[in-house]
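Work through these exercises with the model open beside you. Try each task before reading its solution.

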Amino acid sequence: MTKVKHLLYSSLCLILIQACSLQKTTAPILVERPDVQCIWGSAKLDICEYASKEAIINGFLKEMTLDEKIGQMTQSVWHNSVSPEIIKDRMIGSIIHTEGLTPGPKVSDWVTTFDTFQAHALKTRLGIPLLIAVDAIHGQNTFEGAVIFPHNLGMGATRNYDLIRRAAEITAIETAGTGFNWTFSPVIAMPEHEHWGRVYEGFSEDANITTKALIASIQGYQGADLAHRHTIAATAKHYLGDGATIGGVEGGNAIISEQALRERFLPPYQAAVDQDIGSIMVGFNSVNGINMHQHEYLVQNVLKGQLGFNGVVVTDWLGGTRWGEPYTVINAGIDIAMQPANHDEFMSKLKATVIDGTVSMERINDAVTRILGLKFNLGLFKDPFTKKEFSALVGSTVHREVARQAVRESLVLLKSEANALPLKSTDKIAVVGEHANNSGLQSGGWSIHWQGQKHNYATATTILDGIHGFAPEAEYHTMGCTPGMQANKVVAVVGELPYAEFMGDSTNLNLTETQQNMITQCKSLGKQVIVLLISGRAMTVTDTIKQSDAFIAAWLPGSEGAGVADFLFAANGFKPVGKLPTSWPEKYEDLPLAPDAENALYPFGYGLNKY
Ligand code: BGC
């Protein structure tokens, strides 16, 4: 306990004897009594007299030095590369966990790590708690053992907004239970070109579906009140036009007319603002030639001014220094710079430009007001630590059942002939293809690792596991059918390997030759072939669809492979419900397809509802 802190504590104790005796043992940040609210950890005693959010924030603003304010505006620290001491030294206001070493295999390792960071924040002069962020975008997908839902594109295919809400609620619980209070989700891009390696992160190319899904998602993450214990702050990203770049290039340029801006691109963000979303992340991309990190018109004027966004605008990765000088980013209206590296550069350059007047104190205070406001809304001044009561729920059976439902509802049946489906437990079944028995491949990017992984992860059920739940005798051959094979029904599970941003951009949306040959060979042996496509986007697989007896777009189902089996076996009378969230191309040259394109192989919204 520092000297200032010690003095403050003693003075407080004289005033609030009752509260402080409680505080000694439990050390909460805010001691609540009906007649008084008091921030423990604040250097300013008179803050104790204030009860309202506004008064508390103003109290802090008056007290904070410029360094402390810039610290709040800096998101830094990869917990695995630096010591928590940096929080104290630089007065950092938020941290992020993403790719790289994890705190350990157990939930308790994560809780200890992030609570240690939090404890360091509370030891700073003002004791302002940390925002602790993670890319929990389809479940708490960074923790091996959490339930992992289908990626958003599959969730969009369900058209089941209650389910999307419930999935986000579960994600919030598992995220809170592993030490976080902020997720960088949902992605509300409306992908327009299958070249883009992030198509699967968006719910749909359609603005209405995206809007309904994002409302459900925000409600799930943030609940009725962010201060409730099971909630976390959500982030709509990436503002604006990330899915509309020319050629579907990650971080490219999107040409957006004023009319398209108003009619297509802004309504989803307006809906997010109306839901009181905690934060919005700007994209790597440019709009009409201006990078979003510098887009003062779209951020300051439109988002904050016209749409009335009162939350926090955060940069994307290293965005405080990557696209231009820090002052340009802050003057564009961005509040927090995500600086897992070179935070010193960001902080010192920003400070110099505040001192010389290039960035106004008003702009800095606006940013800090929003950041402290989010912390207040989250209840962090009262209880900043991990909500440990949720730790035991991480990866629970109840949560997995919901994900399993999401999987079966997300599958889109594009073709169904010759009574190939549904399968019966008594059928002679063979399952082929490496995607069938690999939870890493079935989950795609942002699953355990940033770019995903090509091997199984703990506690997930593969598609083959799921099929064996219905037909224990089903054969499995990684490489394809063999002449002596008894099975007459073959489930061929094929598709893309995992990828995430940048690495996923591609002009080749075909199956590999090996996968195509495998299907051709099974057909030539007279088998009925049911193709299950695991992919983060619509692929150019026209010939394979023609060859197959049944064809299912399965997207990236996540940890619950049993949901795929529910679909294949029509478990408990299940009937297909999934509808295409994007138009499906016949060939690559036809891209990008307009939503109502007449040359689509399958139009947006297509999906058979019986086998
Ligand atoms: C991605 C964001 C993500 C951030 C933090 C960036 O590269 O574009 O979507 O939230 O990294 O991991």
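The exercises below concern a predicted model.

**Exercise 1. A small sheet**

Task: Find the order of the strands in the open sheet that holds strands 7, 9 and 12, and say which strands are at its edges.

Solution:
- Start with the order. The 3 strands run 7-9-12, and their pairing is parallel.
- Now look for the edges. Strand 7 (235-239) and strand 12 (312-314) each pair on one side only, so these two are the edge strands.
- Next comes the twist. From one strand to the next, the average is 25 degrees.
- Zoom in on one pairing. Strand 7 and strand 9 (residues 279-282) run parallel and are joined by 4 bridges.
- Take a single bridge. Ala 236 has Ile 280 in strand 9 as its partner.
- Finally, add the helix. Helix 11 (residues 296-306) packs on the sheet and touches strand 7, strand 9 and strand 12. The direction of helix 11 makes about 140 degrees with that of strand 7.

**Exercise 2. Classifying ring pairs**

Task: Decide which kind of pair Trp 182 and Phe 184 form, then do the same for Phe 567 and Phe 574.

Solution:
- Begin with the total. The model has 15 aromatic pairs.
- Check Trp 182 and Phe 184. Their ring centres are 5.1 Å apart and their planes stand at 70 degrees. Planes over 60 degrees apart count as edge-to-face, so this pair is edge-to-face.
- Check Phe 567 and Phe 574. Here the centres are 6.0 Å apart and the planes at 55 degrees, so the pair is tilted.
- Ask about burial. Trp 182 is buried, with a relative accessible area of 0%. Phe 184 is buried too, at 1%. Both Phe 567 and Phe 574 are buried.
- Look for a larger group. Ring pairs link Trp 110, Phe 114, Phe 143 and Phe 180 into a cluster.

**Exercise 3. Charges over rings**

Task: Which rings lie under the charged ends of Lys 237 and Arg 264?

Solution:
- For Lys 237, the ring is that of Trp 446, with its centre 5.7 Å from the charged end.
- For Arg 264, the ring belongs to Phe 265, and the distance to its centre is 5.5 Å.

**Exercise 4. Three loop residues**

Task: Place Gly 433, Asp 335 and Glu 496, and decide whether each is buried or exposed.

Solution:
- Gly 433 is in the loop between strand 15 (429-432) and helix 17 (439-443). Its relative accessibility is 2%, so Gly 433 counts as buried. Its contacts beyond four places in sequence are Tyr 476, His 477, Thr 478, Val 493 and Met 518. Gly 139 is 294 residues away in sequence, and 26 Å away in space, C-alpha to C-alpha.
- Asp 335 is in the loop between helix 13 (326-331) and strand 13 (337-338). Its relative accessible area is 0%, so Asp 335 is buried. Its side chain makes a polar contact of 2.5 Å with that of Arg 363. Beyond four places in sequence, Asp 335 also touches residues including Met 73, Lys 304, Asp 366 and Arg 370.
- Glu 496 is in the loop between strand 17 (489-495) and helix 19 (513-524). Its relative accessibility is 11%. This is under 20%, so Glu 496 counts as buried. The side chains of Glu 496 and Tyr 499 share a polar contact of 2.6 Å. Contacts of Glu 496 beyond four places in sequence include His 435, Leu 509, Arg 537 and Met 539.

Note on methods. Residues numbered from 1 in each chain as written. Predicted model: local features only at pLDDT ≥ 70, side-chain atom pairs only at ≥ 80, totals over all residues. Heavy atoms only, no water. Buried < 20%, exposed > 50% of the residue type's maximum accessible area, 1.4 Å probe, protein only. Contact = heavy atoms within 4.5 Å. Phe/Tyr/Trp six-rings, centres within 6.5 Å; stacked < 30°, edge-to-face > 60°. Lys NZ or Arg CZ within 6 Å of the ring centre and 35° of its normal. Axes fitted to C-alpha atoms, helices over the stretch in contact; angles between N-to-C directions. Polar contact = N/O pair within 3.5 Å; in protein donor to acceptor, adjacent residues only side chain to side chain.
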